[in-house]
Amino acid sequence: MEIIVQGEGTGYFTPNEVILNIHFTIKGYTYEEVLREGTKNVEVFVEELLLKNNFKKEDMKTRNFVIREDTKYNKITGQYDHDGYSFNQMASLKFDYDKELMANIMVSISKLDNAPMCQIQFGIKEEDACRRSILAKAYKAAEMQAEAIAEAAGKTLKSCQKVDFQPFTTDYVSRARIDSDVMYAEKAYHGIAQTIVNTFTPEDIEVSETLYCLWICE
(Lines give C-alpha, C1' and ligand atoms only; values in the text may rest on other atoms or scores of the structure.)
Protein backbone atom coordinates (compact mmCIF):
# COMPACT_ATOMS: atom_id res chain seq x y z
CA MET A 1 0.00 0.00 0.00
CA GLU A 2 1.29 3.46 -0.92
CA ILE A 3 0.57 6.60 1.10
CA ILE A 4 1.25 10.11 -0.17
CA VAL A 5 1.31 12.81 2.50
CA GLN A 6 2.23 16.47 2.78
CA GLY A 7 4.44 17.62 5.65
CA GLU A 8 4.96 21.23 6.63
CA GLY A 9 7.67 22.64 8.86
CA THR A 10 7.75 26.15 10.29
CA GLY A 11 10.36 27.93 12.35
CA TYR A 12 11.03 31.40 13.77
CA PHE A 13 14.53 32.85 13.77
CA THR A 14 15.91 36.02 15.30
CA PRO A 15 17.72 38.17 12.69
CA ASN A 16 21.47 38.42 13.23
CA GLU A 17 22.51 40.16 10.02
CA VAL A 18 21.91 43.65 8.60
CA ILE A 19 21.57 44.01 4.82
CA LEU A 20 21.98 47.50 3.38
CA ASN A 21 20.60 47.68 -0.18
CA ILE A 22 22.00 50.66 -2.09
CA HIS A 23 20.87 52.21 -5.37
CA PHE A 24 23.08 54.87 -6.93
CA THR A 25 21.31 56.81 -9.65
CA ILE A 26 22.31 59.87 -11.68
CA LYS A 27 20.62 61.47 -14.69
CA GLY A 28 22.40 63.72 -17.19
CA TYR A 29 22.51 64.85 -20.78
CA THR A 30 25.53 62.87 -22.00
CA TYR A 31 26.89 59.39 -21.40
CA GLU A 32 30.20 60.81 -20.21
CA GLU A 33 28.46 63.11 -17.72
CA VAL A 34 26.43 60.43 -15.99
CA LEU A 35 29.39 58.02 -15.93
CA ARG A 36 31.59 60.67 -14.33
CA GLU A 37 29.02 61.83 -11.77
CA GLY A 38 27.74 58.36 -10.99
CA THR A 39 31.25 57.04 -10.41
CA LYS A 40 31.98 60.06 -8.22
CA ASN A 41 28.90 59.33 -6.09
CA VAL A 42 30.02 55.75 -5.56
CA GLU A 43 33.54 56.88 -4.63
CA VAL A 44 32.18 59.39 -2.10
CA PHE A 45 29.99 56.68 -0.58
CA VAL A 46 33.00 54.43 -0.20
CA GLU A 47 35.13 57.18 1.37
CA GLU A 48 32.51 58.71 3.66
CA LEU A 49 30.50 55.67 4.69
CA LEU A 50 32.40 52.44 4.17
CA LEU A 51 35.92 53.42 5.16
CA LYS A 52 34.87 55.72 8.01
CA ASN A 53 32.80 52.89 9.52
CA ASN A 54 35.67 50.38 9.32
CA PHE A 55 34.47 48.54 6.23
CA LYS A 56 36.60 47.69 3.23
CA LYS A 57 35.71 48.75 -0.28
CA GLU A 58 35.33 45.06 -1.20
CA ASP A 59 32.62 44.60 1.45
CA MET A 60 30.12 46.36 -0.82
CA LYS A 61 28.99 43.93 -3.53
CA THR A 62 27.63 45.23 -6.83
CA ARG A 63 24.47 43.44 -8.01
CA ASN A 64 23.68 45.45 -11.11
CA PHE A 65 25.28 48.24 -13.16
CA VAL A 66 23.88 49.92 -16.25
CA ILE A 67 24.03 53.23 -18.10
CA ARG A 68 21.09 53.57 -20.43
CA GLU A 69 19.68 56.12 -22.82
CA ASP A 70 16.40 57.61 -21.62
CA THR A 71 13.55 58.63 -23.88
CA LYS A 72 10.27 60.48 -23.50
CA TYR A 73 7.17 60.33 -25.63
CA ASN A 74 6.53 63.31 -27.89
CA LYS A 75 2.76 63.74 -28.32
CA ILE A 76 3.23 66.05 -31.31
CA THR A 77 5.43 63.76 -33.41
CA GLY A 78 4.17 60.50 -31.94
CA GLN A 79 7.74 59.37 -31.40
CA TYR A 80 10.12 58.89 -28.51
CA ASP A 81 12.77 61.61 -28.22
CA HIS A 82 16.18 61.37 -26.63
CA ASP A 83 16.03 62.45 -22.96
CA GLY A 84 19.60 62.07 -21.77
CA TYR A 85 21.18 59.14 -19.95
CA SER A 86 20.83 57.58 -16.53
CA PHE A 87 23.43 55.86 -14.37
CA ASN A 88 22.20 53.00 -12.17
CA GLN A 89 24.32 50.89 -9.87
CA MET A 90 22.79 48.59 -7.27
CA ALA A 91 24.86 47.13 -4.47
CA SER A 92 24.54 45.54 -1.05
CA LEU A 93 26.48 45.65 2.20
CA LYS A 94 26.06 42.94 4.85
CA PHE A 95 27.30 43.01 8.43
CA ASP A 96 26.57 41.47 11.81
CA TYR A 97 23.51 42.87 13.57
CA ASP A 98 24.78 45.84 15.57
CA LYS A 99 22.46 48.70 16.52
CA GLU A 100 25.26 51.19 17.12
CA LEU A 101 26.90 50.49 13.77
CA MET A 102 23.52 50.66 12.06
CA ALA A 103 22.93 54.07 13.66
CA ASN A 104 26.35 55.31 12.51
CA ILE A 105 25.57 54.23 8.96
CA MET A 106 22.21 56.02 9.03
CA VAL A 107 23.91 59.22 10.19
CA SER A 108 26.62 58.88 7.54
CA ILE A 109 24.04 58.40 4.79
CA SER A 110 22.04 61.43 5.92
CA LYS A 111 25.14 63.64 5.58
CA LEU A 112 25.97 62.65 1.99
CA ASP A 113 25.31 65.02 -0.88
CA ASN A 114 23.35 63.28 -3.65
CA ALA A 115 22.89 60.33 -1.31
CA PRO A 116 21.84 57.03 -2.92
CA MET A 117 18.50 55.42 -2.22
CA CYS A 118 18.98 52.91 0.57
CA GLN A 119 16.98 50.29 2.43
CA ILE A 120 17.98 48.31 5.49
CA GLN A 121 16.75 44.74 5.85
CA PHE A 122 17.45 42.09 8.47
CA GLY A 123 18.45 38.51 7.72
CA ILE A 124 19.99 35.32 9.03
CA LYS A 125 23.60 34.33 8.38
CA GLU A 126 23.10 30.60 9.03
CA GLU A 127 20.52 30.00 6.29
CA ASP A 128 21.59 26.42 5.54
CA ALA A 129 21.28 25.34 9.18
CA CYS A 130 17.84 26.96 9.41
CA ARG A 131 16.69 25.19 6.25
CA ARG A 132 17.85 21.83 7.53
CA SER A 133 15.95 22.25 10.78
CA ILE A 134 12.76 23.29 8.95
CA LEU A 135 13.00 20.40 6.48
CA ALA A 136 13.52 17.98 9.38
CA LYS A 137 10.31 19.28 10.96
CA ALA A 138 8.45 18.91 7.67
CA TYR A 139 9.68 15.33 7.23
CA LYS A 140 8.68 14.41 10.78
CA ALA A 141 5.22 15.90 10.23
CA ALA A 142 4.83 13.86 7.04
CA GLU A 143 5.93 10.68 8.83
CA MET A 144 3.40 11.23 11.63
CA GLN A 145 0.60 11.65 9.10
CA ALA A 146 1.67 8.51 7.23
CA GLU A 147 1.76 6.52 10.47
CA ALA A 148 -1.75 7.68 11.37
CA ILE A 149 -3.10 6.70 7.95
CA ALA A 150 -1.35 3.32 8.01
CA GLU A 151 -2.69 2.58 11.49
CA ALA A 152 -6.21 3.52 10.44
CA ALA A 153 -5.90 1.12 7.53
CA GLY A 154 -4.59 -1.68 9.74
CA LYS A 155 -1.16 -1.56 8.10
CA THR A 156 2.41 -1.12 9.29
CA LEU A 157 4.43 1.80 7.96
CA LYS A 158 7.66 0.59 6.37
CA SER A 159 9.70 3.25 4.59
CA CYS A 160 9.65 6.52 2.69
CA GLN A 161 10.31 5.82 -0.99
CA LYS A 162 10.26 9.32 -2.42
CA VAL A 163 10.42 12.94 -1.26
CA ASP A 164 9.45 15.84 -3.50
CA PHE A 165 9.69 19.54 -2.70
CA GLN A 166 10.55 22.89 -4.22
CA PRO A 167 13.90 23.54 -2.58
CA PHE A 168 14.79 26.66 -0.69
CA THR A 169 12.28 29.11 -2.13
CA THR A 170 11.88 31.08 1.09
CA ASP A 171 13.73 34.37 1.63
CA TYR A 172 15.40 34.39 5.02
CA VAL A 173 14.76 38.11 5.50
CA SER A 174 12.62 39.88 8.07
CA ARG A 175 9.67 41.97 6.90
CA ALA A 176 11.06 44.83 8.99
CA ARG A 177 12.58 47.63 6.88
CA ILE A 178 14.24 51.01 7.30
CA ASP A 179 14.00 53.11 4.13
CA SER A 180 15.88 56.15 2.87
CA ASP A 181 13.23 58.64 3.93
CA VAL A 182 13.80 57.70 7.56
CA MET A 183 17.58 57.91 7.21
CA TYR A 184 17.51 61.28 5.52
CA ALA A 185 15.21 62.68 8.21
CA GLU A 186 18.37 62.88 10.32
CA LYS A 187 19.04 66.22 8.63
CA ALA A 188 15.89 67.64 10.18
CA TYR A 189 15.95 65.77 13.48
CA HIS A 190 19.40 64.95 14.78
CA GLY A 191 18.27 62.33 17.27
CA ILE A 192 16.21 60.10 15.00
CA ALA A 193 18.95 57.50 14.44
CA GLN A 194 19.53 57.05 18.15
CA THR A 195 15.78 56.92 18.72
CA ILE A 196 15.51 54.02 16.29
CA VAL A 197 18.43 52.28 17.95
CA ASN A 198 16.63 52.51 21.30
CA THR A 199 13.19 51.47 20.07
CA PHE A 200 13.56 49.44 16.84
CA THR A 201 13.73 45.64 17.11
CA PRO A 202 13.20 43.63 13.91
CA GLU A 203 10.60 40.90 14.15
CA ASP A 204 11.60 37.25 13.97
CA ILE A 205 11.78 35.68 10.54
CA GLU A 206 9.10 33.08 9.86
CA VAL A 207 10.20 30.31 7.52
CA SER A 208 8.13 27.42 6.14
CA GLU A 209 8.95 24.48 3.88
CA THR A 210 6.63 21.80 2.47
CA LEU A 211 7.52 18.21 1.62
CA TYR A 212 5.50 15.64 -0.34
CA CYS A 213 6.39 12.10 0.74
CA LEU A 214 5.54 8.67 -0.68
CA TRP A 215 5.47 5.99 2.01
CA ILE A 216 5.10 2.24 1.73
CA CYS A 217 3.10 0.25 4.29
CA GLU A 218 2.16 -3.41 4.50
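These exercises walk through a predicted model of one protein chain.

**Exercise 1. Take stock of the fold.** How many helices and strands does the protein chain have, and in what order do the elements run?

*Solution.* Start with the count. The chain has five helices and eight strands. Next, read from the N terminus. The order is β-β-α-β-β-α-β-α-β-β-α-α-β. Then turn to burial. The chain has 218 residues, and 39% of them count as buried. Finish with the surface. Its accessible area is about 13000 Å², with 49% belonging to carbon and sulfur atoms.

**Exercise 2. Follow the pairing around strand 4.** Which strands pair with strand 4, and over how many bridges?

*Solution.* Take strand 2 to begin with. Strand 2 covers residues 17-28, and strand 4 covers residues 79-96. The two run antiparallel and are joined by twelve bridges. Lys-27 faces Ser-86 of strand 4 across this pairing.

Now take strand 3, residues 60-74. Strand 3 also pairs with strand 4 in the antiparallel sense, over 13 bridges. Here Ile-67 stands opposite Phe-87 of strand 4.

Last, look at the turn. Strand 3 and strand 4 form a hairpin with four residues between them. In this hairpin, Gly-78 has a positive phi near 75°.

**Exercise 3. Work out the sheet edges.** Why do strand 1 and strand 6 each have one side without a neighbour in the sheet?

*Solution.* Write down the strand order. The open sheet has three strands in the order 1-8-6, paired antiparallel. Strand 1 (2-13) and strand 6 (157-164) stand at the edges, and each has a single partner strand, so one side of each has no neighbour in the sheet. Add the twist. Neighbouring strands are turned by 35° against each other on average, direction ignored.

Next, check one pairing. Strand 1 and strand 8 (residues 205-217) run antiparallel with twelve bridges between them. Val-5 stands opposite Cys-213 of strand 8.

Then add the helix. Helix 3 (residues 127-152) packs on this sheet and touches strand 1, strand 6 and strand 8. The direction of helix 3 makes about 145° with that of strand 1.

**Exercise 4. Place Ser-110.** Is Ser-110 buried or exposed?

*Solution.* Locate the residue. Ser-110 lies in helix 2 (residues 99-110). Apply the cut-off. Buried means under 20% relative accessible area. Ser-110 has 3%, so Ser-110 is buried. Then find a partner. The Ser-110 side chain reaches the backbone oxygen of Val-107 at 2.7 Å.

Key. Residues are numbered from 1 along each chain as its sequence is written. This is a predicted model: local features need pLDDT of at least 70, side-chain atom pairs count only at pLDDT 80 or more; totals for chains, interfaces and linings use all residues. Side-chain values use heavy atoms; hydrogens and water are left out. Buried means under 20% relative accessible area, exposed over 50%, partly exposed in between (1.4 Å probe, protein chains only). Accessible areas come from the Shrake-Rupley method with a 1.4 Å probe; for residues, only the protein chains shown count as cover. Two strands pair if DSSP finds at least two bridges between them. A polar contact is a pair of N or O atoms within 3.5 Å; within protein, one must be able to donate a hydrogen and the other to accept it, and residues adjacent in sequence count only if both atoms are side-chain atoms. Axes are lines fitted to C-alpha atoms, for helices over the stretch in contact, and angles run from 0 to 180 degrees between N-to-C directions. Contact means heavy atoms within 4.5 Å.
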